[in-house]
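Reader: Hi, I have just opened this one and would like someone to walk me through it. Could we start with the surface and then move inwards?

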Amino acid sequence: MSTANRLLLVFCAVAVAFAAVDTYVVVLALPDMMAGAGIPVEELQRAAPIVSGFLLGYVAMLPLIGRIADLRGQVPVLAMSLVVFSAGSLVTALSYDLPSMVAGRFLQGVGGGGLVPATMSLVAALYPVERRGLPLGLVSAVQEFGSVLGPLFGALVLSFTSWRGIFAINLAVGALLAVAVGVVARVATTPAPDDPPPPRRRRLPDVVGLALLAVTLAAGFLTFVEPGSLQRDLTWGQLFIPYADGGSRWITPVGVTTIAAFVLLTLWCWFGRWLGGPPLADLRGWFGHLLAADLLGAGLLALALGGVVLAFATADPEVAVFSPQGPWFLAGSAIAVVLLLLHLRRASAPIVPRGALRPTPAWGALVVSFLVGWSLIAALVDIPLFARTTTERSSQLGAALVLLRFLAALPVGAVLGGWLLRRVNAGVLTAAGMVAAGIGFLMMAQWGEHSLDGFASNIPLVLGGLGFGVALAPVNAAILATTDDDTHGLASALVVVARMVGMLVGISALTTIGLRRLYAAQEADPDLSITELGILQEHSVFLGAAGAAFAAAALALVVLARARTREMDTAEVLRAGG
């Protein structure tokens with residue numbers, strides 16, 4: 001593989017890591033973001049859409065993005081995902097109310113989520129089957145390492161600027177990576193010296209598109225900017241006065257200008273090729289790929305996934321497994337699933353091609369990934385909760401340092417799993433990793449009030465982190481090895497979706513089980529202290545997570561054993577065209 005292709009993968013891995021960082025960066029920034037949207041700190045439930053909006057964009061749109069990567073090529077989808085991620089960062093950084101903040105986070109989720117399947121598919125395109133393990137492990141490692149860096153990055157930025165600075169940095173990094181991926185991709189696909197050069201046409205800058213983009217950005221910035229001297233000026237201040245009393249900033253002269261400029265920019269990108277040469281972005285081409293990717297099927301799948309996300313992401317586990325509106329969300333998901341199944345049977349080119357997931361390792365990888373997510377979320381959420389339950393580690397920093405031992409071992413395990421994949425069957429390797437994770441949870445279920453003070457507490461943390469890391473690459477490799485070349489983007493997206501849905505369902509179910517154990521113990525013995533009750537609750541969660549981990553191990557042995565991840569195969573051709 002050429003140096004340019006290796007460099008391309010490096011940039012893609014960095015982009016995946018940065019998107020993962022953005023997933024967890026709101027952990028510390030959320031109170032300040034609530035203040036920026038005018039939400040009191042005591043009304044935390046109103047800020048739930050800031051988190052669920054990102055998850056909705058991340059999960060619901062992944063299958064469509066993965067399918068477009070199969071049709072248009074990985075590199076264009078990577079570049080467009082970075083553009084969307086940057087646009088979402090810009091909207092979030094400039095947001096002044098909850099709707100604009102949620103819209104920005106949704107766009108970030110769409111862009112950040114699109115990077116994962118496209119990068120996984122790119123690995124499959126550049127490496128033969130028997131050599132995919134290590135690069136898949138590295139991509140999984142940087143993705144999980146983002147969970148380590150996310151809170152740390154947020155704390156670092158918040159130490160010298162506001163929460164808006166986090167998303168301003170996201171904007172800058174996303175834009176630079178988009179340019180870097182485009183430049184390196186052109187070098188990677190340059191014809192060999194002996195090949196005849198392709199005909200070249202001189203392309204002039206799109207002056208009209210650049211001007212409309214500049215007006216849109218400038219007017220948008222003024223629309224969202226905090227009140228200042230410009231808005232208090234007797235002349236220029238009239239641009240910021242709403243046309244109706246009590247109206248939003250969008251119905252001010254500068255807000256209307258933003259909307260009009262954006263509409264004109266969109267129309268230019270749609271029809272500009274007919275009027276004056278290639279525009280900034282050929283939206284007609286992308287719309288064609290949306291139709292080819294089965295837009296109706298993708299919409300039904302997004303509705304089904306979106307209902308699950310909203311049902312569980314907005315839940316209060318102390319009350320129920322899912323939110324009060326959860327039954328309606330799940331009912332909508334069920335209807336969407338029925339319509340999707342009918343559509344998949346009748347469509348000529350459905351979003352999930354017929355037979356694409358028929359091989360046992362393909363659909364089995366999705367179920368295993370779901371169980372991995374179910375188990376993993378218990379570590380990410382309940383290890384810090386257990387640490388904060390004890391008086392010695394009641395601070396947020398102390399709890400984060402305990403979790404850091406687990407998270408630091410996870411990317412190490414991911415690289416190790418990718419390396420071992422060339423020598424060990426994917427089913428056996430996944431099972432070994434999940435058994436290790438399950439044993440780690442069983443050891444955590446034996447922790448007492450002062451267990452974290454001893455060195456022995458590091459054993460289950462490191463063992464669990466290594467186990468989960470080892471299991472990541474084999475699951476991805478199994479589904480890539482048993483699906484057709486033209487469905488790798490979709491397959492990679494579905495694996496990520498399955499894990500994310502498993503995490504959402506798992507956190508609600510496990511927390512509810514733990515709380516029921518707490519209430520039962522409190523009723524049986526009213527003299528138990530808060531610390532003792534909290535430890536009993538976390539023990540129940542750890543035992544439930546161990547059960548899910550062992551179930552994933554057993555299933556992996558059965559369904560992933562047939563995945564031919566060690567056989568020789570011809571590397572796919574890098575598809576970077578449009």
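Reader: Which helix gives the most to the nonpolar patch?

Author: This is a predicted model, and in it α17 gives the most to the nonpolar patch, with 4 residues.

Reader: Okay, and which residues form that patch on the surface?

Author: The nonpolar patch is formed by V435, I439, L442, M443, I459, L543 and F550, which together have about 520 Å² of accessible area. The elements that give two or more residues to this patch are α17, covering 426-444, and α20, covering 530-559.

Reader: Take V435 then, how exposed is it, and where is it found?

Author: V435 is found in helix α17, and because its relative accessible area is 33%, it counts as partly exposed.

Reader: Moving inwards, how many aromatic pairs are there in the whole structure?

Author: A search of the whole structure finds 8 aromatic pairs. One of them joins F386 and W447, whose ring centres are 5.3 Å apart with their planes at 50°, so the pair is tilted.

Reader: And which parts does that pair tie together?

Author: F386 lies in helix α15, residues 360-389, while W447 lies in the loop between α17 and α18, so the pair ties together parts that are 61 residues apart in sequence.

Reader: Are those two residues buried or exposed?

Author: F386 is buried, with a relative accessible area of 0%, and W447, at 6% relative accessibility, counts as buried because the cut-off is under 20%.

Reader: What about F441 and F542, how is that aromatic pair arranged?

Author: F441 and F542 form a stacked pair, with 6.2 Å from centre to centre and 25° between the planes. This pair links distant parts of the chain, since F441 is in helix α17 and F542 is in helix α20, 101 residues apart. Both F441 and F542 are buried.

Reader: Which residues do the ring pairs link into a cluster?

Author: The cluster linked by ring pairs consists of F386, F406, F441, W447, F468 and F542.

Reader: Different topic: how does the span of helix α3 agree with what it should be?

Author: Helix α3 has 13 residues, 48-60, and at 1.5 Å a residue these should span 18 Å; its end C-alpha atoms are 17 Å apart, which agrees. Several residues of α3 are buried, among them F54, L55 and Y58.

Reader: Last one, what does the secondary structure of the chain come to, and how much is buried?

Author: The chain comes to 20 helices and 0 strands, and 52% of its 578 residues count as buried.

Methods
Residues are numbered from 1 along each chain as its sequence is written. This is a predicted model: local features need pLDDT of at least 70, side-chain atom pairs count only at pLDDT 80 or more; totals for chains, interfaces and linings use all residues. Side-chain values use heavy atoms; hydrogens and water are left out. Patches are made of residues with over 30% relative accessible area and no salt bridge: like charges are joined within 9 Å, nonpolar side chains (Val, Leu, Ile, Met, Phe, Trp, Tyr) within 5 Å. Accessible areas come from the Shrake-Rupley method with a 1.4 Å probe; for residues, only the protein chains shown count as cover. A salt bridge is a side-chain nitrogen of Lys or Arg within 4 Å of a carboxyl oxygen of Asp or Glu. Buried means under 20% relative accessible area, exposed over 50%, partly exposed in between (1.4 Å probe, protein chains only). The expected span of a helix is 1.5 Å times one less than its number of residues. Rings of Phe, Tyr and Trp (its six-membered ring) pair if their centres lie within 6.5 Å; planes under 30 degrees apart count as stacked, over 60 as edge-to-face and the rest as tilted.
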